[in-house]
Amino acid sequence: MSSSTDIGVAKAGSAARASETTETGLGLFTLDSNRLARMYALVMGLALVAGIFLAFGLALQPVSGAPADPEAYRRMYTMHGLALVFLVALPAIPGVLGNVMLPRLVGEEGMAWPRLNLLAFHLFATGALLFLVAFLAAPADTGWSLEVPFAISSTSGIAWSLAAMLSLACSFVCSGANVIATVVQSRRAGDGRAARSWSELPFSAWAFSAAAFVQALAAPILVVALVLLFAQRSGAADAIGASTPGADLRFDTWFWTWGHPAFGAMLLAALAVVSEVFASSAGRKNTATVGSVSALAAIVVLSFAGAGVHVLGRGASAGDDAGASALGLLTGVPFAYLVTTWLFQLAGGALRVTTGLAYGLVFLVMLCAGGMAGVFLVLPPTAAYLQNTCFATAQFHYLAVGAALVALLAGVYHVWPSWARATVREGGGMLACFLLFIGVHIAFVPTLLLGYLGQPRRTGALVAGADDLALWSAVGSALVIVAVVLAGWNLLASVLYSASDEAGKDGA
Amino acid sequence: MNTLLLLAATTDAASLPSASTFAPAVDQTFLLAAWFAVFLVVLATGAMLLVLAGGRSSAPAGTGVLGSGARRVVQSGVLVSVLLVAGFLVHGAFVWADLQVVPRGALPVQVALGDKGWSFTYPNGYVATELHLPIDRPVKLRFQAAREPYTFSVPAFRLQVPVAQGEKRDAWVQATLAGEYELFSTLRPASPFALATAQTVVHAEGGYDKWYQDISGPPLDLPPVELGQRSYQMRGCTQCHTVDGTKLVGPSFKGFLAREHKLTDGQVVEPNDAYIQESIEDPTAKVLAGFEPVMPSFKGRLPEPEIKGLIAYIKSLQ
């Protein structure tokens, strides 16, 4: 039983259960997935705030006219990337919304393996703490993607950050396995219900599973890359072959064999959330069709197979490059199928317009923009010209901020009434959503164009003619901060005000 | 809103000169993809606004199952997008092939990036710190292996060539617009190669040949002393050696032959033709006391008459 109308019933039950255990302590050792989601949200909220303020600093420095300190700038963009990729973009939706939504979607009380779930959170929190230590004591300066050979020779103490990434990779495996187990197990008979077939699972459960499968399967590849780098840095072994030609290419191949599917998983999890928001707004079941599940399968396959686009034109044969390019372009097709299908479904019925729905629709626009920007980066003539420029940065941010963060907010607003037991304040929510929508465009359309001017990424020094665009980009990133803070306050306020309302009633 | 911003910004971006045969091809692909992207994003934004505005309508709740019309639209959408992918790929393959295949008879220039920045070695052995290119003639760029990976990026040419750590590769370019353009590496801003920049000078018609003649050295049929003097001025000797007795990085040529000189290892050397020739070809073999062994070797870079000319010129300064 998986339709959104049924979820309301399940919510009431879980809310009653939660109230027995909720109010004591933070829940550092809780086995309750709702409370664990709250812990994830707490850590991620802090990382998000730290990360976006760093982003504003990064955008401001080139236009401020302040003397550039290249080393400080490197540390800033590296820690910005590490915190937001590893603590927000990749784990946010599975960690927060997976824990809140998935059990309800498949009619379970919690995740299949609560202790493994807790272990995943502890590994996540350990990673977050290690990043905090790194940030305060030894910020890495190699770029979040660990630019070899600089990552081998860097003396900035990146070991803390590497250890954090290792911990988080293990966390991704644990939480991914748990999602798959939960979905598979939910099909069993019991609790007075009959066993269910795969086709009865909602689309969102399929998409959460696909995301978990990709994230868990990819994470060990990151572990390999990290171990190679550890060994090379410690001098234990010439693991990357630092002295033989092409070390950068070899390491990047390992890194992006993880990285490409990892961001595929980020988008798959976003699809799960947004599909649920759409179905709920239209008051229908989030049915999985052959077409939509095939689209998910295609995305899973292409997210692994398409990793070659990250090393286009860097020494592979023409055939390999053409293959990578074709796979990269084809990735757009299953996404386009899902987006058009959803738009038709939305157009076909009565809608409850909520902040969650607005974020869901913004997600579609951003997915479209980020995906199309990706076309430039896999198409041979423009790919060669635009690689390592701000164009790549902007494309990535359209997907990570525009799509994944927006989908996270869509889902959080969607589950807020049951999760936080508070009424969403739609006015403020819509305003924040609108600000984020224009903020992302104002921040990243100019950044795309900076890339066209040849502006290299990861530097505070601007090429000729880049000043106006860089200024727009800084303005946009300020708007994004305002929008995110406003959304956070809007959600918190709904809880605080409803609490004080109740207190007022009690007093009277 | 974002479309307006895009248009406003492209006028700014349009100031990027189009200075090579690749530029129009890359721009064409860029614009094709850009307009397609803008079209889709505007379409998606329009759909978003329609859905938001049309909410709370009294239409019956949808079942989520698409009608046959809608399904046909989605199916043809998928078909069209696959065809578009194929179209993009075929178009891209042609432009890409053009970028890869170096035309016959292209002028070879060796490009290297090291701790001291970019260097460009011409067929006559001359090493320039700026990239000089003829207009409307293909130039083959032979990238030399370096300790760090780097890219060769000239936005005005819409050309960026990644060179992996320790590996060589070839590329080519044909400039179409005279002027000076920025050249840099977009990679590894953390390394000593951090955004290493240099100028690219595209000479107007005939300008390159004149420049090349200049760097190729003085005409060898000049009288020896005059040939030596021209060589002294053109080969960069003036940076370290004076002809008026002032001591710079290296000893002055004035009066150099008049007396014996002490070497750093305590030996004494008699300044004669053989010593001068050795000092040009292997400058660190016998370094004078009080000087550092910093002179680059000119072995193989100067024709024999020019060396003879330099010796004659130094002799004439006594």
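## Basis

Helices (H or I, at least four residues) and strands (E, at least two) are DSSP runs, numbered from the N terminus. By that rule, Pro223(B) sits in the loop between α4 (207–215) and α5 (224–234) of chain B.

This is a predicted model, in which local features need pLDDT of at least 70 and side-chain atom pairs count only at pLDDT 80 or more, while totals for chains, interfaces and linings use all residues. Residues are numbered from 1 along each chain as its sequence is written, chains are lettered from A and ligands numbered from 1 in the order in which they are written, and side-chain values use heavy atoms, with hydrogens and water left out.

## Chain B overall

Chain B has seven helices and 12 strands. Of its 318 residues, 44% are buried (under 20% relative accessible area; exposed is over 50%, partly exposed in between; 1.4 Å probe, protein chains only). Contact means heavy atoms within 4.5 Å. Among contacts in chain B between residues at least 6 apart in sequence, 61% join residues at least 24 apart.

## Domains and Pro223(B)

The domain assignment, automatic or from a database, gives chain B domain 1 (107–215) and domain 2 (224–316). Their C-alpha centres lie 31 Å apart.

Pro223(B) counts as partly exposed because its relative accessibility is 46%. Pro293(B) is 70 residues from Pro223(B) in sequence. In space the two are 31 Å apart, C-alpha to C-alpha.

## Helix α3(B)

Helix α3 of chain B covers residues 68–100, 33 in number. From first C-alpha to last it reaches 47 Å, close to the expected 48 Å. The expected span is 1.5 Å times one less than the number of residues.

Buried positions in α3(B) include Ala70(B), Val74(B), Ser81(B) and Val85(B). Phe88(B), Gly92(B), Val95(B) and Leu99(B) are also buried. An α-helix has 3.6 residues a turn, so residues three or four places apart point the same way.

## Interface with chain A

Chain B brings 69 residues to the contact and chain A brings 77. The buried area between them is about 6,300 Å², with 74% from carbon and sulfur atoms. Buried area is the accessible area (1.4 Å probe) that two parts lose on being put together, summed over both.

The rule finds zero salt bridges across this interface (a side-chain nitrogen of Lys or Arg within 4 Å of a carboxyl oxygen of Asp or Glu). On the chain B side, α1 (2–13), α2 (22–53), α3, β7 (159–163) and β9 (179–184) each supply at least two residues that touch chain A. The largest share, 16 residues, comes from α2(B).
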